[in-house]
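The report below goes through one protein model, beginning with a single strand and moving outward to its partners, the core and the chain as a whole. Please keep the sequence and the structure in view while reading.

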Amino acid sequence: MRTDIKIKNVDEYIVIQPLALREMLEEIRTLIHSVIPAAEEVISYMIPCYKHHGMLVGFGAHKGGCSFYTMNNRILAAYSKELVKFKYAGSTIHLDPKQPLPVALLKKIIKQRIKENEARALLKQPLKIKK
């Protein structure tokens with residue numbers, strides 16, 4: 001991954017990645033949009049991230065492949081049985097571009113993150129008192 005240029009958007013991020021990783025990065029991007037089309041796409045900490053009532057998920061490229069970031073370091077423990085074929089740590093799933101993308105698993109994680117963010121957003125709203 002190049003770190004010597006300022007990335008302005010996800011298209012720019014993907015195009016500067018090694019050719020071998022671009023297809024998986026596009027797949028992840030399309031998958032996120034299929035689950036939550038209204039999510040705001042941003043570059044944060046030099047990686048593509050998606051916002052919906054706060055940071056939702058993100059993805060990136062690294063020397064060994066691609067990563068999917070859940071933005072919640074407790075969430076992956078709930079999916080440990082489904083993650084046995086993957087390397088993961090903290091809030092990050094490491095993906096091998098030579099292996100199929102775990103679409104069903106990533107969709108479940110994205111949907112859970114949506115619920116978490118929406119629940120947190122509801123707690124932050126002021127109470128409306130009827131007069």
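Strand S3 is mostly covered, since six of its eight residues are buried, where buried stands for under 20% relative accessible area, exposed for over 50% and partly exposed for the range in between (1.4 Å probe, protein chains only). The strand covers residues 55-62, and strands here are DSSP runs of E with at least two residues, while helices are runs of H or I with at least four, both numbered from the N terminus.

The model is predicted, so that local features need pLDDT of at least 70 and side-chain atom pairs count only at pLDDT 80 or more, whereas totals for chains, interfaces and linings use all residues. Residues are numbered from 1 along each chain as its sequence is written, and side-chain values use heavy atoms, with hydrogens and water left out.

**Strand pairing**

Two strands are taken to pair if DSSP finds at least two bridges between them. S3 pairs with S2 in the antiparallel sense through three bridges, and it also pairs with S4, again antiparallel, over five bridges. S1 and S2 run antiparallel as well, and five bridges join them. The table lists one bridge from each pairing.

| Strands | Bridge partners |
|---|---|
| S1 and S2 | Glu-40 and Lys-51 |
| S2 and S3 | Lys-51 and Met-55 |
| S3 and S4 | His-62 and Gly-65 |

Lys-51 thus appears in two rows, as the partner of Glu-40 and as the partner of Met-55.

**Turns and backbone angles**

The hairpin of S3 and S4 leaves two residues between the strands. In the hairpin of S2 and S3, which has three residues between the strands, His-53 takes a positive phi near 55°. The hairpin of S1 and S2 has two residues between its strands, and there Tyr-45 also has a positive phi near 55°. Most residues other than glycine have a negative phi. Met-46, which lies in the loop between S1 and S2, likewise has a positive phi, near 65°, although it is not a glycine.

How exposed or buried are the residues around this turn, Tyr-45, Met-46 and Ser-44? Tyr-45 counts as exposed because its relative accessibility is 79%, and Met-46 is partly exposed because its relative accessible area is 34%. Ser-44, by contrast, belongs to strand S1 (residues 40-44) and counts as buried because its relative accessibility is 14%. Leaving aside neighbours within four places in sequence, Ser-44 is in contact (heavy atoms within 4.5 Å) with Cys-49 and Met-55.

**The nonpolar core**

The largest nonpolar core has 37 residues, such a core being a set of buried Ala, Val, Leu, Ile, Met, Phe, Trp, Tyr and Cys residues joined through side-chain atoms within 4.5 Å. Those with the most contacts inside the core are Ile-28, Ile-32, Phe-68, Ile-93, Leu-95 and Ile-110. The elements that give two or more residues to the core are helices H1 (10-15), H2 (19-35) and H3 (103-124), together with strands S2 (47-51), S3 (55-62), S4 (65-69) and S6 (92-95). H2 supplies the largest share of this core, seven residues.

With neighbours within four places in sequence set aside, Ile-110 is in contact with Leu-31, Ile-32, Val-35, Ile-36, Leu-56, Val-57 and Phe-68. Phe-86, in the loop between S4 and strand S5 (87-89), touches Ile-93, His-94, Leu-95 and Pro-102, not counting residues up to four places away in sequence. Phe-86 and Lys-98 are 12 residues apart in sequence, and their C-alpha atoms are 12 Å apart in space.

**The chain as a whole**

The protein chain has three helices and six strands, which follow the pattern α-α-β-β-β-β-β-β-α along the sequence. Its C-alpha trace spans about 60 × 35 × 25 Å along the principal axes. Of the 131 residues in the chain, 41% are buried. Among the contacts with a separation of 6 or more, 54% are between residues 24 or more positions apart.

The chain exposes about 8,400 Å², of which carbon and sulfur atoms supply 57%; accessible areas come from the Shrake-Rupley method with a 1.4 Å probe, and for residues only the protein chains shown count as cover.
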